[in-house]
Amino acid sequence: MKHHDILESHPFKNEDFKIKIHEKGYVQLENVSPRICPIDSNNIKRTGDYIAVKAARVSFGSGLKSIEEDDRLIEFLMKNNHTSPFEQADITFVIKAPFFVVKQFLRHRTAQVNEQSFRYTDMSEKLEFYYPDMRSKSLNNKQSSVKNICDENENFQIEMKEVFEEDTNIYTKAIKNGCAQEVARCVLPQSTYTTLIFKQNLHNLLHFFYLRTDETAQLEIREYANAMLKLIMPVFPKTIECFINHRIDCVKFSKKESEILSNLFKDNIDITHLRKKLIELLDSESHSKSFKEGLVFRFDKLCENSNKKN
Ligand SMILES: Cc1cc2nc3c(=O)[nH]c(=O)nc-3n(C[C@H](O)[C@H](O)[C@H](O)COP(=O)(O)OP(=O)(O)OC[C@H]3O[C@@H](n4cnc5c(N)ncnc54)[C@H](O)[C@@H]3O)c2cc1C
C-alpha cells in the first residue's frame, strides 16, 4: 500500500502550521500521529481519520473498506460514544499564551504538557504582555463578560500599560542586582506570555474543544481552542464533522425537560399526524435506514407520554 504525509497538503503549511492569536500569541500544530496515512486501492489519500477506523475494525480482524463505509463507521463511533478508537491519534501543539490562559490549559489533566521555565530563563529582554480590550461584566452570568459598556473604565488600558512597565522595571532591576529568576518572576502579571507544548490524544482533545469552544468558556481560551480546532480539521475531517454534529451542535434534553416538551406536545399537537409527516419527510430525503429509524425512535420516546394518551 502507498502512503502520503498528511501535513504535506495541510492548508496552513505555508504559515508554518501557525495561527496568530492577538498581537503576540499563537497556536502552532507541531505534529500529528498518524502523520503518514495510506493511499487506498482507489488512489484516495486517506486522512488521519483512518486510524480510528482501523482501530475499531481490529476487533473483527478487518481494516479499511470503501471511504463511504469508513465514514459511516466514524459517524457510528461518535454517535454511540465508542471513544477508544479516537485515542489512537495524538496531536501536539505549541502554544504561546498569557499565564491566565495557560492556567486554564493546565486544568486538562489528560494532556501532556511542558512549559517554558521562568526559573531557568532570565526574561529581562523577553517579557511580553497581552493587552485585552475592555469588556464589561455580564449581567446574567457571574463569570462571563460582554462588550464594553462602561465609559468609567476608559483609562484601564493606559493604567494597565503603566503597571506592566513598572513590573518589567522591577523585574529587570532585581535580576541585574543578583535576584534569582524564581523570585523576580513573582512581580509578573497574569498577562505575561509564556510558551508550552500541549499534547493530547484525539478523544481527549475533542473533550477539550467541547469545553473550551463553548461560549461559557473565557473569550481568550475560546480563541485558542477555535484556532486549534481549525488546525486539526484538515487532518481529521470526518471525525471533526461528526464531533460537531453529535457533540457541539447536538441538542439533548434531560428527563424533566423531555416531560415538559412531551406535555406541551400532548396539549397542542396531533402527534399521530406529526409522526406521519416526519416519516414522509424522511422518506423524501436521502437518509440512511438507520438514521430514519433512529430519529423516529427518539421522536416516539420524546412523545411517549402524550402518544399513549392520544
Ligand atoms: C467554563 C468553565 C469554567 C470553569 N470554572 C472553574 C472554576 O471556577 N474553578 C475550577 O477549579 N475549575 C474550573 N473549570 C475547570 C474544570 O472544572 C475542569 O478542571 C477543566 O475544564 C478540565 O476538564 P476535565 O477534568 O473534564 O478534563 P481533563 O482533566 O482532561 O479530564 C478529561 C476527563 O478524564 C476524566 N478524569 C481525568 N482525571 C480524573 C480524575 N482524577 N478522576 C476522575 N476522572 C478523571 C474525567 O472524566 C474528565 O472529564 C472550568 C472549566 C470550564 C470549561
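Modeller: Two strands count as paired if DSSP finds at least two bridges between them. This is a predicted model, and strand 5 and strand 9 (residues 193-201) give a case of such pairing: nine bridges join them in the antiparallel sense.

Biologist: Which residue of strand 9 stands opposite Thr92?

Modeller: Lys199 in strand 9 stands opposite Thr92. Strand 5 (residues 90-98) also pairs with strand 3, again antiparallel, here over seven bridges. In that pairing Asp90 of strand 5 stands opposite Ser33.

Biologist: How many bridges hold strand 2 and strand 3, and in which sense do they run?

Modeller: Four bridges join strand 2 to strand 3, and the sense is antiparallel. Lys18 faces Gln28 of strand 3. The two strands, strand 2 and strand 3, make a hairpin that leaves three residues between them. In the turn, His22 has a positive phi of about 60 degrees.

Biologist: How should I read the sign of a phi angle?

Modeller: Most residues other than glycine have a negative phi. His22 is a residue other than glycine with a positive phi. His22 sits in the loop between strand 2 and strand 3. His22 counts as partly exposed because 17 C-beta neighbours lie inside 10 Å, the limits being 20 or more for buried and 12 or fewer for exposed.

Biologist: What is the phi of Phe17, and where in the chain is Phe17 placed?

Modeller: Phe17 is not a glycine, yet its phi is positive, about 60 degrees. Phe17 belongs to the loop between strand 1 (2-5) and strand 2 (18-21). With 19 C-beta neighbours inside 10 Å, Phe17 is partly exposed. A glycine can be added to the list: Gly178, which follows helix 4, has a positive phi near 95 degrees.

Biologist: Which two residues does a cis peptide bond join?

Modeller: Most peptide bonds are trans. The cis bond here joins Ser33 and Pro34, with omega about 10 degrees. Pro34 lies in the loop between strand 3 (25-33) and strand 4 (36-39).

Biologist: What span should helix 4 have at 1.5 Å a residue?

Modeller: The expected span is 1.5 Å times one less than the number of residues. Helix 4 (residues 156-176) has 21 residues and should therefore span 30 Å; the C-alpha atoms at its ends are 30 Å apart, which agrees. Helix 10 (residues 271-284) passes the test too: its 14 residues should span 20 Å, and its end C-alpha atoms are 20 Å apart.

Biologist: How many residues of helix 10 are buried?

Modeller: Zero of the 14 residues of helix 10 are buried, so to speak of the helix as hardly covered is fair. Over the chain, 22% of the 310 residues count as buried.

Biologist: How many helices and strands does the chain have?

Modeller: The chain has twelve helices and nine strands. Its radius of gyration is 25 Å, well over the 19 Å from the globule rule for 310 residues, so the chain is more spread out than a compact globule. The C-alpha trace spans about 80 × 60 × 30 Å along its principal axes.

Biologist: Into which domains is the chain divided?

Modeller: The division gives domain 1 (2-97 + 195-248), domain 2 (136-187) and domain 3 (255-309). Between the centres of domain 1 and domain 3, taken over C-alpha atoms, the separation is 34 Å.

Biologist: How far apart in sequence and in space are Lys137 and Ile240?

Modeller: Lys137 and Ile240 are 103 residues apart in sequence, and their C-alpha atoms are 33 Å apart in space. Lys137 belongs to strand 7 (residues 135-137). Lys137 is exposed because it has 12 C-beta neighbours inside 10 Å. Another pair is Asn226 and Thr213, 13 residues apart along the chain with 6.1 Å between their C-alpha atoms. Asn226 is part of helix 7 (residues 219-232), and with 16 C-beta neighbours inside 10 Å it counts as partly exposed.

Biologist: Which residues are around the ligand, and how do they divide into nonpolar, polar and charged?

Modeller: The residues around the ligand are Arg107, His108, Arg109, Thr110, Asn204, His207, Leu211, Arg212, Thr216 and Ala217. This shell divides into two nonpolar, five polar and three charged residues.

Definitions and conventions
Residues are numbered from 1 along each chain as its sequence is written. This is a predicted model: local features need pLDDT of at least 70, side-chain atom pairs count only at pLDDT 80 or more; totals for chains, interfaces and linings use all residues. A residue is near a molecule or strand if its C-beta atom, placed from the backbone, lies within 6 Å of it. Ala, Val, Leu, Ile, Met, Phe, Trp, Tyr, Cys and Pro count as nonpolar, Asp, Glu, Lys and Arg as charged, and the others, Gly among them, as polar. Domain bounds come from an automatic or database domain assignment. The radius of gyration is taken over C-alpha atoms; the globule rule is 2.2 Å times the number of residues to the power 0.38.
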